[in-house]
Amino acid sequence: MCPTEVGHGGVLDRWLEAMLATPGLTALRDPAEARRVLLDDALRAVPLVAAEKGPLVDVGSGGGTPGIPLAAALPDLEVTLLEAERRKCDFLETWTAELPNLRVVWGRAEEQPVEEYGAAVAKALAHPPTAAEWCLPLVREGGAAILWVGPSAEPARLAAVAERLDARVESADAGLVVLRKLGPTPPGFPRRPGMARKRPLA
Ligand SMILES: C[S@@+](CC[C@H](N)C(=O)[O-])C[C@H]1O[C@@H](n2cnc3c(N)ncnc32)[C@H](O)[C@@H]1O
């Protein structure tokens with residue numbers, strides 16, 4: 001989907017400008033590059049997210065990508081931005097007035113109630129095995145975790161983590177991996193904060 005097709009009176013242009021103007025939200029400085037990475041790359045997932053049922057959570061939303069572009073593109077979808085840093089949450093909160101389908105939760109993925117969402121998205125959150133372990137418990141049975149992964153992602157490791165959480169790799173295309181949750185969150189998950197990064201499952 002092209003950003004100009006997304007409505008809300010230019011809110012995405014203003015959000016992008018504010019991201020670049022606010023210290024500590026992105027290292028990107030070139031506006032064209034920022035648009036490509038923060039906005040266009042987020043909107044690539046619109047068809048995948050639109051195919052899922054129930055509310056969406058953007059885990060480790062940072063300055064709001066991919067959650068804010070997805071909320072603007074899919075105004076009937078409830079979108080939660082989950083972010084561990086309070087200062088970033090303050091920035092994210094400023095967009096909820098213009099995007100009524102958006103809410104912000106300050107906290108860590110490992111400390112949230114489980115199985116509250118139809119789908120989770122995560123972009124640049126952590127290494128894919130860690131991101132998968134943080135996202136899958138948040139999703140209901142039958143739902144999906146959708147991860148943006150780089151070329152160095154190791155598909156076998158991701159598949160192994162998915163299996164431990166009763167999920168499987170459903171598709172992997174152009175850097176977007178869909179993990180389908182097949183059953184309830186297995187006992188023992190989420191592990192306590194820090195463990196997924198310190199001792200990855202695979
Ligand atoms: C590198 S930033 C990426 C932000 C954004 N998704 C993007 O693509 O620009 C990762 C973000 O995840 C947040 N984060 C890290 N671990 C987290 C956790 N366990 N739960 C929630 N947020 C977390 C960090 O505070 C940070 O803002």
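In the predicted model, Phe 91 makes contacts, beyond its neighbours within four places in sequence, with Trp 15, Ala 18, Met 19, Thr 22, Leu 25 and Gly 63. Phe 91 is also listed, together with Trp 15, Val 49, Leu 56, Ile 68, Trp 95 and Leu 102, among the residues with the most contacts inside the largest nonpolar core, a set of 39 residues. To this core helix H1, which spans residues 11-21, gives the most, with seven residues. A second core, separate from the largest one, comprises 29 residues and includes Tyr 117, Ala 120, Leu 158 and Ala 196. Such an arrangement may be read against the general tendency of nonpolar side chains to be buried together in soluble globular proteins.

The strands form an open sheet of seven members with mixed pairing, in the order E3-E2-E1-E4-E5-E7-E6. Strand E3 (102-106) and strand E6 (167-173) occupy the edges, and because each has a single partner strand, one side of each is left without a neighbour in the sheet. Averaged over the sheet and with direction ignored, neighbouring strands are turned by 20° against each other. At the E3 edge, strand E2 (residues 79-83) pairs with E3 in the parallel sense over five bridges, and within this pair Leu 81 of the model is placed opposite Val 104 in E3. Helix H5, formed by residues 86-93, packs on the sheet and touches both E2 and E3, its direction making about 165° with that of E3.

Helix H6 (residues 128-135) is mostly covered, with eight of its eight residues buried. These buried residues are Pro 128, Pro 129, Thr 130, Ala 131, Ala 132, Glu 133, Trp 134 and Cys 135, so that Glu 133 is counted as buried alongside Trp 134 in this helix. The surroundings of H6 comprise both strands and helices: its buried residues pack against strand E1 (56-59), strand E4 (117-123), strand E5 (139-148) and strand E7 (176-181), as well as against helix H7 (155-164) and helix H8 (195-198).

The cysteines were examined next. The count of disulfides comes to zero; for Cys 89, which is in no disulfide, the nearest cysteine sulfur is that of Cys 135, at 16 Å, whereas a disulfide would require the two sulfur atoms to lie within 2.5 Å. Cys 135 is likewise in no disulfide, its nearest cysteine sulfur being that of Cys 89, again 16 Å away. Cys 89 has a relative accessibility of 3% and therefore counts as buried, and Cys 135, with a relative accessibility of 0%, also counts as buried.

A further site of interest is Thr 185, which is located in the loop between E7 and H8. With a relative accessibility of 15%, Thr 185 counts as buried, because the threshold for a buried residue is under 20% relative accessible area. When neighbours within four places in sequence are left aside, Thr 185 is in contact with Glu 115 and Pro 137. The side chain of Thr 185 is joined to that of Glu 115 by a polar contact of 2.7 Å, and to that of Lys 181 by a polar contact of 2.6 Å. Between the C-alpha atoms of Thr 185 and Glu 17, which are 168 residues apart along the chain, the separation is 39 Å.

Definitions and conventions
Residues numbered from 1 in each chain as written. Predicted model: local features only at pLDDT ≥ 70, side-chain atom pairs only at ≥ 80, totals over all residues. Heavy atoms only, no water. Core = buried A, V, L, I, M, F, W, Y, C linked by side-chain atoms within 4.5 Å. Buried < 20%, exposed > 50% of the residue type's maximum accessible area, 1.4 Å probe, protein only. Helix = DSSP H or I, 4+ residues; strand = E, 2+ residues; numbered from the N terminus. Contact = heavy atoms within 4.5 Å. Pairing = 2+ DSSP bridges. Axes fitted to C-alpha atoms, helices over the stretch in contact; angles between N-to-C directions. Polar contact = N/O pair within 3.5 Å; in protein donor to acceptor, adjacent residues only side chain to side chain.
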